[in-house]
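Work through the exercises below with the model open beside you, and try each task before reading its solution.

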Amino acid sequence: MIHDPPRPADLVKLRQEVRAFLADRRRSGDYQPQVDAMQRFSREFSLDLAKQGWVGMTLPTRYGGAGRTAVERFAVAEELIAAGAPVAAHWIAERQVGPMLMKHGTEGQRGRFLPGIARGEVVFSIGMSEPSSGSDLASVRTRAKPTDSGWLLNGQKIWTSYAESADFAMVLCRTSEGDDRHGGLSQLIVDLRSPGITIRPIPAMSGAGHFCEVFFDDAFVPDDCLVGEAGAGWRQVVQELSFERSGPDRYLSTFPLLAAWVESSKGSTDPYLAVQVGEVVAELSAVRTLAVRVAQAIDRGVDFAVDAALQKDAGTVLEQRLVEVLRRAGVSSHDPAPLGNLFYQATLAAPHFTLRGGTTEVLRGIVGRQVTGR
Amino acid sequence: MDRSLLEDVVADVFAKHSPPERAVASEDGGWAADLWTIVEDLELPLAGVPEEAGGSGGSLTDVWTILRAAGRNAVPLPIAETGLLAGGLLAAAGLQAVSGPIAVAPVRRGEQLRLQRDRSAAVVSGQATAVPWASVADSIVAIAKDEGGETTVVALPRAACQITPGVSFAGEPLDTVTFEHVSLDGAPAAPLPHADDHLQRRGALAYAVLMLGALERVTDLAIEYAGQREQFGRPISRFQAVQHHLAQIARDVAVARGAVELAMEATESTDEPPLFEIAVAKIACGNAAHAVAARAHQVHGAIGVTKEYPLHTLTRRLWSWRNTYGTEREWAAEIGRLALEAECDLWTLMSSTRMNEDRSPATGIGG
């Protein structure tokens, strides 16, 4: 879907509306700004946000979306992550499942899932990684054996965020054997409440994110839950990963901490502090320009896989460094709230930034192969 | 001229007349007079200065196109100084552009020249250090402040000033210019209507654009070299360690490019060069200059540090240009002060800058 770019004045107005909404919800205690907002789950918040028209923004209006551009969605997403608002309940569905169903879903699937996604009601988990298949995603072993009216799913997924609370998972699995290990993969939408599915939480050190293991033991998946083509799963999942890799959570997850530090430093006349603040703000602003590019590329319908990889590499590495820069500038978890709490959260959350959604090493491999023409 | 046509023209001219050997030959006092003549005949130095003010006309976009190509080709000439900076100052004061290669003073933050008036004359005094091109320029365009705080711009012949030659990392002139009661008598001079930090901002953006061009060529060289150099029976570009160097070069240049393009977009006129966007661009290019030069040299091995191979013509300019018209630290201090003194919160400050609209193609590695 090629879109005309929104006018700058309209984007400003949209951002201001989101900010006013967020300020109001903070005042009424509905949420507190947290680091790593993408991993903070609140069904109530997602429903509330959806009522404002800010979930499923890029989905067509006939499915309950707002029919708006990726650039507008990006503006709203930035406001939410910068404010540390709990977006996890709708994030995956909205960021990648919705666009994937628009690209590859049947009309029936779109009609079935998209309205619920746009209302902030439907929670999706990502069914990609397995214990033996992380960076080497093509090596997944979860198998879907064809039966009468669907498949029987057997295998295991891991690092499945929020599977315990989720309604569905988009599961990458093997539906046929092929010579080429990329062939024979498909994507199935699995109802996580089906029989034969066991979900176990995996506590993470940061206290956020709610990792799970998901075990499939002859779990039945109906025919109409195949997304796109059988055997085209690899190509599809690569596209899905482009959506997953890009986005403001890749450079604004620690923003509440940065903002709190600057706020608490106001009035300081320390010239070196000004340099430290300026260096971080400048780097963050520069990385932001890449994220805008990705949103523009989505609207234009051009391939953005490499741009998304560049953006994620730059943003996540910066975020990790930011926590250390602040520490060396004297910030600690003993600072008064909110600064001290946010610093504590950020320290524990930081290692995962360069792992989730594609490790930095994998991303650099993608970019490296692109530039060397391999 | 259509932008892509201008891009092609400058690319051809610089490739033909300013190959890396030309940059090397002009080091250590070898001023490229013949190259200046070629460039001047094509009206490149005074691009962006209105025709009414004696310039070649054209838009700011033309200026950025020329500077990016000049950076890419390590062109050893004061192109930024002559038109955008000097011509811009003179035009803003209602004066005609001056032809010939020009140096502008002062350059370093915190340096200021004084204008004193007595009954008979006005004189300029003071010292400007690290002034690019002063010792080979025909004219020095200087800005000086009087006791009342009013700023005047003046175009002086080089001979009127005392020049102590110095050299940049790139072997280009980087001189100290001393004004000892230099009379303004007969020289074009007029009050400057706008704030004097506009020169700093315009200069910073010009040098950011030069750096971007150089960064992009460094990237091309590194990729090309890694694809051709074979060790252990294969091109070194097949090794993950080398691929990751190249990927990080691409990342840092993409970030610098995004910041520079935003600053170029946000600078619709040099009457109001935007502080935030320009500071971000200069810092991004300075950061990239450090990391990209280091990685590119690492990928190239020993041949990359030889005079014969062109990499040094670019990396030495990156090391010099990142310090010109404000170091990263100086610009970071500006942004930090803005953030710490702002009444609004940090997100409001950052998000109120002009994010790039959909005017230029989505850039990725290909740029």
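**Exercise 1.** Determine whether Phe232(B) is buried or exposed, and describe its backbone.

*Solution.* Phe232(B) has a relative accessible area of 69% and is therefore exposed, where buried means under 20% relative accessible area, exposed over 50%, and partly exposed in between (1.4 Å probe, protein chains only). This is a predicted model, in which local features need pLDDT of at least 70, side-chain atom pairs count only at pLDDT 80 or more, and totals for chains, interfaces and linings use all residues. Residues are numbered from 1 along each chain as its sequence is written, chains are lettered from A and ligands numbered from 1 in the order in which they are written, and side-chain values use heavy atoms, with hydrogens and water left out. Turning to the backbone, Phe232(B) has a positive phi of about 55° although it is not a glycine, and it sits in the loop between β9 (230-231) and β10 (234-235) of chain B; helices (H or I, at least four residues) and strands (E, at least two) are DSSP runs, numbered from the N terminus. Glu43(B), likewise not a glycine, has a positive phi of about 60°. Most residues other than glycine have a negative phi, and most peptide bonds are trans.

**Exercise 2.** Locate the cis peptide bond that ends at Pro338(A) and the one that ends at Pro106(B).

*Solution.* In chain A, the bond joining Ala337(A) and Pro338(A) is cis, with omega about 0°, and Pro338(A) belongs to the loop between α9 (305-328) and α10 (339-353). In chain B, the cis bond runs from Ala105(B) to Pro106(B), with omega near -5°, and Pro106(B) is found in the loop between β1 (102-105) and β2 (113-117).

**Exercise 3.** Explain which parts of chain A are tied together by the salt bridges of Glu79(A) with Arg19(A) and of Glu78(A) with Arg288(A).

*Solution.* Begin with Glu79(A) and Arg19(A), which form a salt bridge (a side-chain nitrogen of Lys or Arg within 4 Å of a carboxyl oxygen of Asp or Glu), their closest N and O atoms being 2.7 Å apart. Glu79(A) lies in helix α3 (residues 70-82) and Arg19(A) in helix α1 (residues 8-27), so the pair ties together parts that are 60 residues apart in sequence. Glu79(A) is buried at 1% relative accessible area, whereas Arg19(A) is partly exposed at 24%.

Next, the side chains of Glu78(A) and Arg288(A) meet in a salt bridge at 2.7 Å, N to O. Because Glu78(A) lies in helix α3 and Arg288(A) in helix α8 (residues 271-300), this pair ties together parts that are 210 residues apart in sequence. Both Glu78(A) and Arg288(A) are buried. Finally, salt bridges that share partners join Arg15(A), Arg19(A), Glu78(A), Glu79(A) and Arg288(A) into one network.
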